[in-house]
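Please read the following report alongside the sequence and the model, which are shown just below.

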Amino acid sequence: MRRHTRFYGLIAFFLAVFASATGARAQEWREYTAADYGFSMLIPAGTKMATREFGGGWGGLVGEHEGTSVIGVAKLGTQEQAADIEAFGVSVTGIPAARWTLIDEGAGNGWKWYRTVSAKEGSKQVFGGYGVGPRGSYLLILVTTPEDFGAYRSDFDAWYESIKLF
């Protein structure tokens with residue numbers, strides 16, 4: 001009887017630890033809506049987003065928190081070709097096109113079409129996507145280190161899945 005009590009105590013302990021860890025992870029991200037640009041997504045809690053013009057009709061929001069940069073950029077009113085958005089992504093990140101890897105492509109969550117990409121060069125890792133939606137063309141990415149990307153890949157995937165265009 002004593003062994004069962006100890007066993008159930010251990011189960012209760014691990015369940016409590018797991019529940020608090022899950023709660024902590026859920027609090028690390030918050031919903032962010034950029035109504036002027038027509039998108040919403042999760043961003044790391046504590047990130048201060050600021051408007052930035054990128055030229056050529058591209059504008060959006062950028063923010064940084066604990067080494068992760070959030071970049072959400074739109075070119076409203078026009079549906080650019082994939083090659084043009086890719087070239088814009090290269091200019092924003094400074095990572096050459098040869099270092100970009102296509103992960104997935106499709107449609108949904110407001111995207112008429114999208115491409116999910118990853119790019120790495122040196123100490124910089126980029127993850128996100130680009131494509132077109134109902135209001136224009138988009139590039140939505142996170143910039144971090146390869147180490148953080150590997151350690152928190154599930155969080156980066158959850159961020160990407162949270163993106164909605166409207």
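Strand β2 (residues 39-44) pairs with β10 in the antiparallel sense over 2 bridges, where two strands are taken to pair if DSSP finds at least two bridges between them, and strands are DSSP runs (E, at least two residues; helices are H or I, at least four) numbered from the N terminus. Within this pairing, F39 has L165 in β10 as its bridge partner. The two strands belong to an open sheet of 3 strands, ordered β1-β2-β10 with antiparallel pairing. Its edge strands are β1 (29-34) and β10 (164-165), each of which pairs on one side only.

The model is predicted, and local features need pLDDT of at least 70, side-chain atom pairs count only at pLDDT 80 or more, and totals for chains, interfaces and linings use all residues. Residues are numbered from 1 along each chain as its sequence is written, and side-chain values use heavy atoms, with hydrogens and water left out.

N109 sits in the loop between β6 (100-108) and β7 (111-121). Apart from neighbours within four places in sequence, N109 is in contact (heavy atoms within 4.5 Å) with E161, I163, K164 and L165. A polar atom of the N109 side chain lies 3.5 Å from the backbone oxygen of I163. Although N109 and F39 are 70 residues apart in sequence, their C-alpha atoms are 9.9 Å apart in space.

A second loop residue, E66, is found between β4 (58-65) and β5 (68-76). The table sets out the backbone phi angles of E66 and N109, each a positive value in a residue other than glycine.

| Residue | Phi |
|---|---|
| E66 | near 50° |
| N109 | near 55° |

Why do E66 and N109 fall into the classes exposed and partly exposed? E66 counts as exposed because its relative accessibility is 69%, and N109 counts as partly exposed because its relative accessibility is 45%; buried means under 20% relative accessible area, exposed over 50%, and partly exposed in between (1.4 Å probe, protein chains only).

E66 also helps to line the largest pocket, together with E28, W29, P44, A45, H65, T68, T144, D148, Y152, D155 and F156. On a 1 Å grid over the protein atoms alone, a pocket is an open set of points where a 1.4 Å probe fits, with protein on both sides within 12 Å along at least five of seven lines, and lining residues have an atom within 4 Å of a point. The volume of this pocket is about 280 Å³, a volume being the space filled by probe spheres set on the points, which are joined across faces, edges and corners. By class, its lining has 5 nonpolar, 3 polar and 4 charged residues, where Ala, Val, Leu, Ile, Met, Phe, Trp, Tyr, Cys and Pro count as nonpolar, Asp, Glu, Lys and Arg as charged, and the others, Gly among them, as polar.

Methods: Polar contact = N/O pair within 3.5 Å; in protein donor to acceptor, adjacent residues only side chain to side chain.
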